[in-house]
Amino acid sequence: MPLMLVVGLVICFGMKSKKSQKKNYEALAKDFASTHEWVSFEFTQTHHKDNAELWKSYYHLILRYDNDNPGVLCEYLSEDGERIRKSFWIDKGKYIEIDHDNLEIVQYTNKKLFWDDYHSYGFMEFISNTFFYLSYYLYPMQKELGVGLMNSLVSDVKNQDTVIIKKDSYISFHCTSHTMYSYDPKAGKRIPVYYEVECFVNPNTKVMDSVFAVLYPLEYENKKDYIRLSSLDYTNMQQYIDSVFELDNPKYKNYSHHDSEHPPLSRSYSTNKSMNDNLLHYPIEQINGDKTTIADKEGWLLIDFWSINCAPCVACLKEMGLEKDSLCHYMLENDGIEVLAINHCSDNVELIRDIAEKTNTSEIIYYAKGIGSVINIPALGYYYLISPDKQIVYETGNLGDYSKLLEAKENYERQFQKE
């Protein structure tokens, strides 16, 4: 349980000026970096919505506080923590991404590419988001690494308290994250939001070991994240890093290699937002080996573009699986909508099958690696409602309770009947 939840044991003292609070936050972070060349730790991020736990994310981080060439390793772990799903390394000269799920390796040496969304997708998604609440550790080296690492990190320290938790003293920093965007189902669009973040730092060790974050505003949903660090280690990890990123290692013989001029197919990108022949006839395959196309499907369709690495996508699949009735009909099927849950980033059938079985959605799971080159998929999880005459009637990054989806279907049918 995160430290900040032990409310009854917290004793608060006086607060300092806002300017001195931020300086203290920065000073502690720099002091920590100056006394440790290496630091590695694991952390678990627990995501809650409306007081219900949605999923957990697991990471392993290594930071090298080298004045000449600092570096960061980020490993995204499987739910059991036994398997590395993605490995990332960034230093002054390069960025390397190893996607173990999709058997792909991407290496960039011109980091100016990171201002281009097309190439920076993996970097911005996993490196920056990994440190979204942990900028305390990245702050001392972010200027050397550059590439806008702090764009989405904690931006302001509002106040500071000294707290006692289980006889240990901590400095509690109340921070605000940079503005993000979240989908508001009431407004029917993405709106700017920010997070109120509470960071807990041990003043003796300079270690920030837990974080509590609340999405603000809370008019339409209640989102909270809890982060807890564990297994801190300060030994030299260069040998481990070299072993991970030895790209000529036989263990990577089946991995495809890419660079800025030859990006991986799983990162294909299109600005097209209409139904065209390339999309309609793009082959999609089920985990049992059956192949079909969107053109072959009749009636109303909900195309659910999802990814193995997207925890919200998998959570949505799980919800769909729980909605099945005794005849194995999905809720939307009862409303005349067939669901095609298409994995657009991977053709790793073993992993896709594993997720299908865990979410009880084998009947609707498909994969079509690279289909993002013929239809715009702006997020890892995105949805298109397609009419029987193959028109996009509704699109969203958040299905919610299906009400907007069904309303769009009803309005289109009403208009179609008039015509």
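A residue counts as buried when its relative accessible area is under 20%, and by that cut-off 54% of the 419 residues of the protein chain are buried. The structure on your screen is a predicted model, and the tour below moves through it one selection at a time.

**The whole chain.** Begin with a cartoon of the protein chain, whose secondary structure comes to nine helices and 20 strands. If you then display contacts with a separation of 6 or more, residues 24 or more positions apart account for 62% of them.

**The largest nonpolar core.** Next, select F41, L63, L134, Y136, Y137 and F173, which are the residues with the most contacts inside the largest nonpolar core, a set of 46 residues. Colour strand β10, residues 189–201, as well, since this strand gives the most to that core, with six residues. To look at one member in detail, centre the view on Y137 and show its surroundings: leaving aside neighbours within four places in sequence, Y137 is in contact with F32, F41, L63, Y65, F131, V207, M208 and L229. Apart from this core lies another one, of 32 residues, which includes C310, L317, V339 and Y383, and the tour will return to V339 shortly.

**A glutamate in β10.** Before leaving strand β10, pick out E196, which has its place there. Is E196 buried or exposed? With a relative accessible area of 17%, E196 is buried, because the cut-off for that class is under 20%. Add T176 to the selection and draw a distance between the two C-alpha atoms: E196 and T176 are 20 residues apart along the chain, and their C-alpha atoms are separated by 4.9 Å.

**Strand β17 and V339.** Move now to the second core and select V339, which lies in strand β17 and counts as buried at 3% relative accessibility. Not counting residues up to four places away in sequence, V339 touches L302, M320, L332 and I364. A C-alpha to C-alpha distance from V339 to E363 gives 9.2 Å, for two residues that are 24 apart in sequence.

**Helix α8, one side and the other.** Select helix α8, residues 349–359, and show the side chains of L351, I352, I355, A356 and T359, which are the buried residues of this helix. Why do they lie on the same side of α8? They cover an arc of only 140 degrees around the axis, and this puts them on the same side of the helix. An α-helix has 3.6 residues a turn, so residues three or four places apart point the same way. Turn the view to the other side of α8, and you will find E350, E357 and K358, which are exposed. To see what covers the buried residues, add β16 (300–306), α7 (311–322), β17 (337–343) and β18 (365–367), which are among the elements that do so.

**Just after the helix.** Step on to N360, which lies in the loop between α8 and β18. This residue has a positive phi of about 60 degrees, although N360 is not a glycine, and with a relative accessible area of 41% it is partly exposed. From T361, draw a distance back to E319: the two residues are 42 apart in sequence and 9.6 Å apart in space, C-alpha to C-alpha. E319 has its place in helix α7 and, at 46% relative accessibility, counts as partly exposed.

**A second positive phi.** For another residue of this kind, go to S231, in strand β12, residues 223–233. S231 also is not a glycine and has a positive phi of about 55 degrees, but S231 is exposed, with a relative accessible area of 52%.

**The second largest cavity.** The last stop is an enclosed space. How many cavities of 30 Å³ or more does a search of the whole structure find? The search finds two, and the second largest has a volume of about 40 Å³. Select M275, L279, I294, I303, F305, I375, Y384, I386 and I392 to display the residues that line the second largest cavity. The elements that give two or more residues to this lining are β16 and β19, the latter spanning residues 382–386. Colour the lining by class, and you will see nine nonpolar, no polar and no charged residues.

Methods
Residues numbered from 1 in each chain as written. Predicted model: local features only at pLDDT ≥ 70, side-chain atom pairs only at ≥ 80, totals over all residues. Heavy atoms only, no water. Core = buried A, V, L, I, M, F, W, Y, C linked by side-chain atoms within 4.5 Å. Buried < 20%, exposed > 50% of the residue type's maximum accessible area, 1.4 Å probe, protein only. Helix = DSSP H or I, 4+ residues; strand = E, 2+ residues; numbered from the N terminus. Contact = heavy atoms within 4.5 Å. Arc of directions from axis to C-beta. 1 Å grid on protein atoms, 1.4 Å probe; cavity = no way out; pocket = protein on both sides within 12 Å on 5 of 7 lines; lining within 4 Å. Points joined across faces, edges and corners; volume = space filled by probe spheres on them. Nonpolar A, V, L, I, M, F, W, Y, C, P; charged D, E, K, R; others polar.
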